[in-house]
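Work through the following exercises with the sequence and the model side by side, and try each task before reading its solution.

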Amino acid sequence: MNFFELLNVRESCRNYAERPVEPEKLQAVIEAARLAPSACNSQPWSFVVVQTPENAAKCAACIQKSGANAFTSKAPAFIIITEEYARLAPRVLATMDSQTFAQIDLGIVTAHLTLAASELGLSTCILGLFDEDATKETFGIPADRRVRLILSVGYSADEAPRKKTRKPVEEIARFV
């Protein structure tokens with residue numbers, strides 16, 4: 001599949017099939033994330049890969065604490081994305097706050113994760129609504145790290161991706 005086909009099959013899945021994700025596919029997705037670029041190569045991220053049914057149920061409970069995202073009960077796996085302190089080169093740090101880049105880097109690594117999963121036939125949903133304290137406690141995430149996003153990962157129960165609804169190019173770009 002070429003890159004533009006990949007962009008069209010990647011979707012935010014909210015209907016997972018009852019099928020486990022192969023550990024080697026989760027490993028490959030993490031390898032794709034490992035290769036993502038970051039400011040000054042700081043790599044201000046770490047991942048907790050949730051892959052057993054028992055732990056997936058615990059992760060879904062952390063995500064559903066607010067009453068939203070009930071679909072995550074069917075997700076067989078999750079990737080918890082944590083932010084670490086971004087260590088920038090001293091010359092950059094002298095003029096910028098290191099965290100200015102960390103959130104951008106986390107967006108880039110998340111794109112790598114979701115696109116790699118799609119390439120492998122998996123579906124994902126990027127989740128930003130979750131109980132951070134419960135997630136950290138449940139999965140032993142150190143206090144000095146922030147849980148920024150959680151990806152649900154699995155096989156879609158739907159036959160085809162939903163049609164994408166996006167703004168037209170004329171609304172989002174100017175070519176000068």
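**Exercise 1: burial of β2**

Determine how many residues of β2 are buried, and on which faces they lie.

Solution. β2 is mostly covered, since seven of its seven residues are buried, where buried means under 20% relative accessible area, exposed over 50% and partly exposed in between, with a 1.4 Å probe and protein chains only. Taking the faces in turn, A77, I79, I81 and E83 lie on one side, while F78, I80 and T82 lie on the other, and both faces are covered. The model is a predicted one, in which local features need pLDDT of at least 70, side-chain atom pairs count only at pLDDT 80 or more, and totals for chains, interfaces and linings use all residues. Residues are numbered from 1 along each chain as its sequence is written, and side-chain values use heavy atoms, with hydrogens and water left out.

**Exercise 2: the sheet around β2**

Establish the strand order of the sheet and the partners of β2.

Solution. Begin with the order, which is β1-β2-β4-β3 in an open, antiparallel sheet of four strands; strands (E, at least two residues) and helices (H or I, at least four) are DSSP runs numbered from the N terminus, and two strands pair if DSSP finds at least two bridges between them. The edges are β1 (45-50) and β3 (123-127), each of which pairs on one side only. Next, β2 (residues 77-83) pairs with β1 over six bridges in the antiparallel sense, and among the bridge partners V50 is matched with F78 and V49 with I79. Finally, β2 pairs with β4 over seven antiparallel bridges, including the one that joins E83 to R146.

**Exercise 3: helices on the sheet**

Find which strands are touched by α3, and at what angle α3 runs to β2.

Solution. Helix α3 (residues 53-63) packs on the sheet and touches β1, β2, β3 and β4 (146-154), contact meaning heavy atoms within 4.5 Å. The direction of α3 makes about 55° with that of β2, where axes are lines fitted to C-alpha atoms, for helices over the stretch in contact, and angles run from 0 to 180 degrees between N-to-C directions. Helix α6 (residues 132-139), in turn, lies across β1, β2 and β4 and runs at about 75° to β4.

**Exercise 4: the two faces of α2**

Explain why the buried residues of α2 are on the same side.

Solution. In α2 (residues 23-34), the buried residues are L26, V29, I30, A32 and A33. They share one side of α2 because they cover an arc of only 155° around the axis, the arc being that of the directions from the helix axis to the C-beta atoms. The face turned away from this buried side carries the exposed residues E24 and Q27.

Key
The expected span of a helix is 1.5 Å times one less than its number of residues.
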